[in-house]
Amino acid sequence: MDAAEAIHQKFVAKVRAGNLPRRTSGVEPADIGLSREAMVELFYSQVASRQMDRLSRRLQARGEGFYTIGSSGHENNAAVADALRVDDMAFLHYRSNAFQIHRSKKLPGQTPCWDMLLSFAASAEDPISGGRHKVIGSKPLAIPPQTSTIASHLPKAVGAAFSIGIARMLKLEHTELPRDSVVLCSFGDASANHSTAQGAFNTAAWAAYQGTPMPLIFLCEDNGIGISTRTPPGWIGASFRNRPGLDYVHCSGLDMADAWRGARDAARIARTQRRPVFLHMDCVRLYGHAGSDVQATYLTRAQIEQDEERDPLLYSAALLVEQEALSERDILDIYNETEATLARVAEQAIARPKLTTSKDVMASIVPPRRSPARANTPTPEQREALFERDRNMIDKPQHMARLLSWALADLMLAHPEIIVAGEDVGPKGGVYNVTAKLHERFGSCRVINTLLDEQSILGLGIGAAHNGLLAITEIQFLAYVHNAEDQIRGEAATLSFFSNGQYTNPTIIRIAGLGYQKGFGGHFHNDNSLAVFRDIPGLILACPSNGADAVEMLRECVRLALEEQRVIVFVEPIALYMTRDLHEEGDSLWTSTYAAPGSAKPVRLGELGVHGSGTDLAIISYANGYYLSRQAERILSERHGLASRVIDLRWLAPLNEDGLIDAVAGCERILIVDECRRTGSQSEALMALFAERAPGVECRRIAAEDSFIPLGRAATLTLPSRDSIVAAALEMVRG
Amino acid sequence: MAEKEAALIVCPGRGTYGKSELGYLKRFHSDKGEPIASFDRLRSERGQPTISELDGADRFSPALHTRGDIASPLIFAASYADFLAIDRSRYDLAAATGNSMGWYTTLAVAGAVGPEQGFRIIDAMGENSQAGEAGGQVLLTLVDEEWKTLADLREQVLALAAAIGARDGCSLHVSIELGGMIVFAGNEAGLAALLAEAPPTPARDPLRLVNHGPFHTPLMAGSSKRAMAQLPADWFGSPEMPMIDGRGHIWRPFASSPSALHDYTFVTQILETYHFTRALQVAVKEQAADRIILLGPGDTLGGAIAQALIAIEWRGLRSKRDFQEMQASDPFLVSMGREDQRGLVTS
C-alpha cells in the first residue's frame, strides 16, 4: 500500500478508536494564551496540508499533478505562521504547506487551497509562479518563492533581516518590510549542514555578536533524515545550542501547544531584541522524501513504523480532545470534509489553462519595469561639499578606479536607497580604491565592511533588494565569486521567473577581475573566465574597458536596477583600473575627465563602442582585449596600411546581436579578440553569431589558452597580446 | 442512491423583496409553522406588524415594504424559510455567504446564531439603520453587455468617487463590491455629486437605492455603537458550516471565537466596504461547490454572482452568454426565488 494511504488509514482508525498518543509536552494551552478556537484553526491548516499531500499523489498518478514532495510530519510549522505577522517576510522550504495555509488566514480574501492546487497542476493561473514551478510562495503573504533544496535561500534571508535595521537607521521611506518586522527562513536538518546554510548562520551571528540588529528566525524543521541519510541523533541541538550571537529555542513539532510556545518565544526575541534565533523544531518525515522515494530501501520496517507513530496530526487530535476543543467525531468530520472539499477544488484546478509556449514560459525572466521613487537631484552645493577633498582633481583627467569612485559617490548622493557592501570597502576603500572615501562620505550604514564570505555578501545584496534597497556589492576578485555563484545563478536570477515577475531582487555586483595585471598575475587575482555568468537567463553582464565608459555604464546599471529591476554583474578589469596611457608613456589616452551627472552621455544597455570606420577589418573585443586591440589598430594602420575599426562590446550579456551585425556592416573581415579562456568564452558565441548571420564574411578569433593564469612575468603568456592581435590580423589579410 | 451534491448557500441582501415577491412566504412556506410563527411572535411582542401580515398585504407598498425595519425582517424570514426548504437528502451544505444584510442571514443559516437571535438581530439592525444616519447608496453598473468588467470605466469611477469623497462637505465611499457593480454610499452631497458627475455607464444608469442608508461606511458609526450595546456577544456561537464574510475571511466550525464574530458583525462589517465579489470568489475557489443556491426572495443577486464568476472565469465562464447557456442546460446557480429553478433544490 502507498505509504501516504497507510498513514491515512492509521490516523482514521486511531481517532475513531480514541487510541490517541500521550502528548509530548506538558505545555498547557491556556497558560500560554492559546485558545481552543485558535487550536482548531491550526488543526484545520494542518489537515488541509496533509490532505493536499495525499491529493498531490493521486493527481500525479492521473498525470494531472507534477510535484509530490510533501509537508506531512511538518504540519506544526502552522504554529510558526500563527506566531508571526503576515508582513514578516518568510523564505520557506518546500515542506511548508501548513505554514502558508495558516498565514493566509491572517489576510482575508486569500484562497490558499485553490492557489496551491493550481500550483500542483502547473496551471498558468497559479498565482505565484504562473505555472512555472511548484513553489511555496505568495506576494500578498510576503512569502517569496524558493526553489532550493539546499538552504541556498538562507543568505538572502540574512540580508533581508540586516536591511531592516539599515533601512530603519537611514529612515528610508520606500522600503518593503515594516521596520518592526522579522524575517523567517526555514530548512531541514540535513540542509543545515550545507556550507551555504552554515555561512548564513555564521554571518547572522557574526553581525549580532557585535550588536548589529538582525531580526531573523532560522526555523530548522528537524525530521532526523535527509533523503536516506540519518542525521546523528542530537546533532542539531548540539551544534546550535551554544553558538555565540545566536539564540536557541527548542520546541516539539509534534505538540501544537509546544510548537506555538516555541514559535512565540522565538518571534519575541527576534522582534523585540532584534537578535537572530535558531528555532529548532523536532519533526517527523512521513512517507519518504517524495512520491518516488521508497523508504523501505534504506529504513527498517520498525523505523518506518516508529515514525508513523509520531504523526503530528495524531498528537494534535490528542491535544484537541484533551482540551475539549473537539471530539473524535468532530476531528474525523473535519478530516473527511477537508478531503472531499480539496478533491472538488482539485477537479476545477486541473482544468485551468497551462503554459503553452516558450514565450509564455520566458515572459518573467526579465522582470517588469517599475517606476522607482524619484532620485534626489543634489544641489551644486551638495556636490561641492561631497567632492570637497577632491576639488583639485575632479576636473582633471583620471584613471578608471578614481572615476568609478566618484561615480559611486554621485549615485549614492542621488539615491539614498543605495548601499555599498563588500570586503574592505569601508575606510580602506577597497583593494583598488574604487570605494575610496565613500565610507567617510556616507557612513557605516551605507558603506558596509562585510565578513569574508562571498555567499553572504551576495545574500546581503539580494536580501536587501527584497526590502527595496539597492545594494552595490563588491566581490574582491573574480575567482572568489565561484564559491558563491549559486547565489546569482540559482537565487537572484531565478526570482522573477519563479514569481511571475512579482518578486524581484535588483542588485549590482561589482567584481574586479581579468588578467594583465602588471607585476602580479596568479589565478586567484587574475582569473579570466566569465563563463559562469554567460548562460544565466536575464542576467546583465557589463564589462567596461575605460573610465569614461565605466562611469556611464555604472549609471546605466543603476537605472537598470531601479527601473527594470535587473540583476547585474559589473566586471572591472583590474589591469585597467590605474592605466593612464594607451600607446606611449605619458599620452594619457586612457584617462578621462569625470562627467558630472548633469553632463552625462548615457551608455545604454547593449550600446557598442566603435572606434574608427575602416572596412578592411573589424576587431571585436572588450576590456583589456579592447585596450590591446586599440594599440594594434594603430600599428595595423600606420605600418601596414590597414583601415580597421575596433568595436568594444561593453555589455557581454545580453549580447546586442543586431547591433553587432550593423557595426561590422561593410567590413571584409572580423577578428574577435577574447582575453578569456577559449572554452566557454564570449568568442564562442561571437563566432557562432557571425557564422549564422554573416556567413560570407571571414571571421577568426584569438582567445586566451585554456589555462589558469600563472604568476609574475609568465602571467600574460597564455593571453592575447597587442602583437598577437597584429599578427592574426595580418594573417587574415594576407591569407 | 446518487451521491449528494455540495452546495454553497448565498444569502441575499436588501432590495430583494419587491412587488413580485409579495406573498412569498404564503406561496412557498405556508406549510412551515416554525420559524415564521416565532418571528411573528417576536414582532407582535414589540408591537410591530408581523411578517405574515406584511407578506400577506393586499398590495405592495414601496413606501412601506422597502423601509429598513420592514424589508430586512421580511427578507430574512423568506431566506431562512428557503434555507429550511432545501432538500438535505440531495445536498450537503458546504458553506454559506451573503451580501450585506445577507451576512446576518448567513449567521443564522450557518448556525452561528439561532434563528430567533438572527431574527432579533435583523429586526434590530433594520430598525437601527432605518432610524439611523443620513445618507444613502447609489449603484453603478460597470460591465459591458456580456457582463465583463469595464476596467477603465471602473478605475475612472473609483478615482472620481475618491475625489468627491475628499471634497469639503462630501462623504463618499465604496459600500459594496457587487460583481460588476459598485454600490457607493455617502452623504447627500457626496451622492449628488456622484450622480451628477459619473461618466456614462452603458449597461444601466446609476440608481439611487430607495430607503437605504450609507451602509458599510464610517457614516454608520452610530449604528455600530447601538448594535454593540443592544445585541450581545453571547448570542454567538460556533457555526456549523464555514461562513465567508464580507472581507472574504472564512469562519470555520469550532474555530470561530464568538466575541471575534460579534466584533466583526457589528463593527467591521458595518463600517467597512462589503466585498461581496471577493466573498463569493473565495467561496467558490475554496469550496468548489457543485452548485450555488441563492436563497430567496427574488433573484436579483444572481447577476452579481454571475459577474463575479465571469471575472474569474469560474468553470470556464467568460461571458453572460456562457452563463446563460450553462444555466439553460444544468443551472450551476439555482435561485430559489425563481419558480422555474426552485424545484431543483427542494423536495
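Is A:A623 buried or exposed, and how many C-beta neighbours does A:A623 have inside 10 Å? I would like to begin there, and to say straight away that what we are looking at is a predicted model. A:A623 has 30 C-beta neighbours inside 10 Å, and therefore counts as buried. This alanine belongs to helix α25 of chain A, which covers residues 623-640, and its phi is near 50°, a positive value in a residue other than glycine.

A second residue of that kind is A:N433, whose phi is near 65°, again positive in a residue that is not glycine. A:N433 is found in a loop of chain A, the one between β8 (418-422) and α17 (438-442). Because A:N433 has 16 C-beta neighbours inside 10 Å, it counts as partly exposed.

Let me turn now to helix α7 of chain A, and to what packs against it. α7(A) has 17 residues, and from its first C-alpha to its last it reaches 24 Å, which is close to the 24 Å expected at 1.5 Å a residue. The helix is mostly covered, since 13 of its 17 residues are buried. Just after α7(A) comes A:K171, which takes a positive phi of about 55°.

In general, two packed helices are described by the angle between their axes and the distance between the axes. For helix α7 (residues 154-170) of chain A and helix α18 (residues 454-466) of chain A, the axes come within 6 Å and cross at roughly 55°. The two helices, α7(A) and α18(A), are therefore oblique to each other, and α7(A) passes α18(A) in a right-handed crossing. On the side of α7(A), the residues making the contact include A:P155, A:A157, A:G159 and A:F162, while α18(A) contributes, among others, A:L458, A:G459, A:I462 and A:H466. Sorted by class, the residues of this contact divide into nine nonpolar, eight polar and one charged.

Before α7 in chain A there is a loop that connects it with α6, and A:D126 lies in that loop. Why does A:D126 count as buried? The reason is that A:D126 has 27 C-beta neighbours inside 10 Å, and the cut-off for a buried residue is 20 or more. If we leave aside its neighbours within four places in sequence, A:D126 is in contact with A:D115, A:L118, A:S119 and A:G131. There is also a long-range pairing to point out, as A:D126 and A:K354 are 228 residues apart in sequence, and yet their C-alpha atoms are 9.2 Å apart in space.

How many residues does each chain give to the contact between chain A and chain B? The contact takes 17 residues from chain A and 17 residues from chain B. On the side of chain A that touches chain B, at least two residues each come from α3 (36-61), α6 (112-120) and α13 (328-349). It is α13(A) that gives the most to this side, with five residues. By class, the side of chain A that touches chain B has eight nonpolar, five polar and four charged residues.

Within chain B, I have picked out two helix pairs. In the pair formed by helix α10 (residues 221-230) and helix α11 (residues 258-271) of chain B, the axes come within 9 Å and cross at roughly 170°, and α10(B) and α11(B) are therefore roughly antiparallel to each other. Their contact involves B:A221, B:S223, B:S224, B:A227 and B:M228 of α10(B), together with B:F266, B:V267, B:I270 and B:L271 of α11(B). That contact has seven nonpolar, two polar and no charged residues.

In the other pair, the axes of helix α5 (residues 68-85) and helix α6 (residues 102-109) of chain B come within 10 Å and cross at roughly 35°, in a right-handed crossing. Here B:F76, B:S79, B:Y80 and B:F83 of α5(B) meet B:Y104, B:T105, B:A108 and B:V109 of α6(B), and by class this contact has six nonpolar, two polar and no charged residues.

I will finish with two cis peptide bonds. In chain A, the bond from A:A653 to A:P654 is cis, with omega near -5°, and A:P654 is placed in the loop between β17 (651-653) and α26 (657-663). In chain B, the bond from B:G296 to B:P297 is cis, with omega near 5°, and B:P297 lies in the loop between β10 (291-294) and α13 (301-311) of that chain.

Conventions: Residues are numbered from 1 along each chain as its sequence is written. Chains are lettered from A and ligands numbered from 1 in the order in which they are written. This is a predicted model: local features need pLDDT of at least 70, side-chain atom pairs count only at pLDDT 80 or more; totals for chains, interfaces and linings use all residues. Axes are lines fitted to C-alpha atoms, for helices over the stretch in contact, and angles run from 0 to 180 degrees between N-to-C directions. Helices (H or I, at least four residues) and strands (E, at least two) are DSSP runs, numbered from the N terminus. Angles under 35 degrees count as roughly parallel, over 145 as roughly antiparallel, 65 to 115 as roughly perpendicular and the rest as oblique. A crossing is left-handed if the near helix is turned anticlockwise from the far one by less than a right angle, and right-handed if clockwise. Two residues are in contact if their C-beta atoms, placed from the backbone, lie within 7 Å. Ala, Val, Leu, Ile, Met, Phe, Trp, Tyr, Cys and Pro count as nonpolar, Asp, Glu, Lys and Arg as charged, and the others, Gly among them, as polar. The expected span of a helix is 1.5 Å times one less than its number of residues. A residue is buried if 20 or more other C-beta atoms lie within 10 Å of its own, exposed if 12 or fewer, and partly exposed in between; C-beta atoms are placed from the backbone.
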